[in-house]
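Let's take a friendly walk through this structure, one neighbourhood at a time. Keep the view open as you read.

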Amino acid sequence: SGWELGATSFNITEAATQKLQQLLGTQQAQSIPSSLPLQMVHGDAVLRLPEGFTSLGGTHNTSIEGMISNDLRVLTLQGHPEFTNECVSEIVSKFESSIDTNVDHIGTHSNGLVSMLTQGYTKADVEAQAQVNVTESSDAVAKWCLALFGIH
């Protein structure tokens, strides 16, 4: 499948929406977005949903971008709500400056930027994705995490 680098959005599944409504309670349930753009920096993927978990949703590249346990005690995400745009831009720059032409070429996935180029993105596309504002999504995830700890 390849890397996801920069802001990537996925639709929240109906099943996940129901779990998040249970977690948040009725007063905050309307704040659940239908899609969640997050800064991504990963080349790995969860291939199978563990027993007792509900998928939050997925992208064309990563079918499970996150999950919530059916007992509402565990929440995971592939994306990074804690990453700022500047952080992701620095990571993109690091990938660019560390390309090793002996191992990093079109068709390989050891370097995130090279992987994105393999998938048809340009460097400008990746840089633009790194600048997408994901503050609302990060705030939503923070509320979900607080709710896991019983803080509403």
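## Leu75 and strand S5

Leu75 counts as buried, with a relative accessibility of 16%. This is a predicted model, and in it Leu75 belongs to strand S5. Setting aside neighbours within four places in sequence, Leu75 is in contact with Leu56, Met67, Ile68, Trp144, Cys145 and Leu148. Arg48 sits 27 residues from Leu75 along the chain, and the C-alpha atoms of the two are separated by 16 Å.

Just before this strand there is a backbone detail to look at. Leu72 lies in the loop between strand S4 (66–69) and strand S5 (75–77). Leu72 is not a glycine, yet its phi is positive, at about 65 degrees. Is Leu72 buried or exposed? With 17% relative accessibility, Leu72 counts as buried, because the cut-off for buried is under 20%.

## The largest nonpolar core

Which residues touch the most other members of the largest nonpolar core? They are Leu20 and Trp144, in a core of 18 residues. Helix H1 (14–24), strand S2 (35–42) and helix H5 (135–148) each contribute at least two residues to this core. Leaving out residues up to four places away in sequence, Leu20 touches Ile12, Ile32, Leu56, Ile68 and Trp144.

Strand S2 also holds Leu36, which counts as buried at 0% relative accessibility. Beyond residues up to four places away in sequence, Leu36 touches Thr8, Ser9, Phe10, Ile12, Leu77, Ser137, Val141 and Trp144. One of these contacts, Thr8, is 28 residues from Leu36 in sequence, with 8.1 Å between the two C-alpha atoms.

## How H1 meets H5

The axes of H1 and H5 come within 9 Å of each other and cross at roughly 60 degrees. That makes H1 oblique to H5, and the crossing is left-handed. On the H1 side, the contact is made by Leu20, Leu23 and Leu24. On the H5 side, the residues are Lys143, Trp144, Ala147 and Leu148.

Leu20 and Trp144 therefore turn up twice: they touch the most other members of the largest core, and they take part in the contact of H1 with H5, where contact means heavy atoms within 4.5 Å.

## Helix H2 and its partner H4

Now for helix H2. The axes of H2 and helix H4 (residues 123–130) come within 8 Å and cross at roughly 155 degrees, which makes H2 roughly antiparallel to H4. H2 brings Asn85, Val88, Ser89, Val92 and Glu96 to the contact, while H4 brings Lys123, Val126, Glu127 and Ala130.

Two of the H2 residues are worth a closer look. Val92, in helix H2 (residues 85–97), counts as buried at 3% relative accessibility. Not counting residues up to four places away in sequence, Val92 touches Leu5, Leu113, Val126 and Glu127. Glu4 is 88 residues from Val92 along the chain, and their C-alpha atoms are separated by 11 Å. Glu96, also found in helix H2, is partly exposed, with a relative accessible area of 36%. Its contacts, residues up to four places away in sequence not counted, are Leu113 and Lys123. Glu96 and Pro81 are 15 residues apart in sequence and 23 Å apart in space, C-alpha to C-alpha.

## Two cysteines, unpaired

How many disulfides does the structure hold? The count is zero. Why is Cys87 not bonded to another cysteine? The closest cysteine sulfur, in Cys145, is 17 Å from the sulfur of Cys87, which is too far for a bond; a disulfide needs the two sulfur atoms within 2.5 Å. Cys145 is likewise in no disulfide.

Both residues count as partly exposed: Cys87 has a relative accessibility of 26%, and Cys145 has a relative accessible area of 30%. Cys145 is also one of the residues in contact with Leu75, which brings us back to the strand where this tour began.

Methods:
Residues are numbered from 1 along each chain as its sequence is written. This is a predicted model: local features need pLDDT of at least 70, side-chain atom pairs count only at pLDDT 80 or more; totals for chains, interfaces and linings use all residues. Side-chain values use heavy atoms; hydrogens and water are left out. Buried means under 20% relative accessible area, exposed over 50%, partly exposed in between (1.4 Å probe, protein chains only). A nonpolar core is a set of buried Ala, Val, Leu, Ile, Met, Phe, Trp, Tyr and Cys residues joined through side-chain atoms within 4.5 Å. Helices (H or I, at least four residues) and strands (E, at least two) are DSSP runs, numbered from the N terminus. Axes are lines fitted to C-alpha atoms, for helices over the stretch in contact, and angles run from 0 to 180 degrees between N-to-C directions. Angles under 35 degrees count as roughly parallel, over 145 as roughly antiparallel, 65 to 115 as roughly perpendicular and the rest as oblique. A crossing is left-handed if the near helix is turned anticlockwise from the far one by less than a right angle, and right-handed if clockwise.
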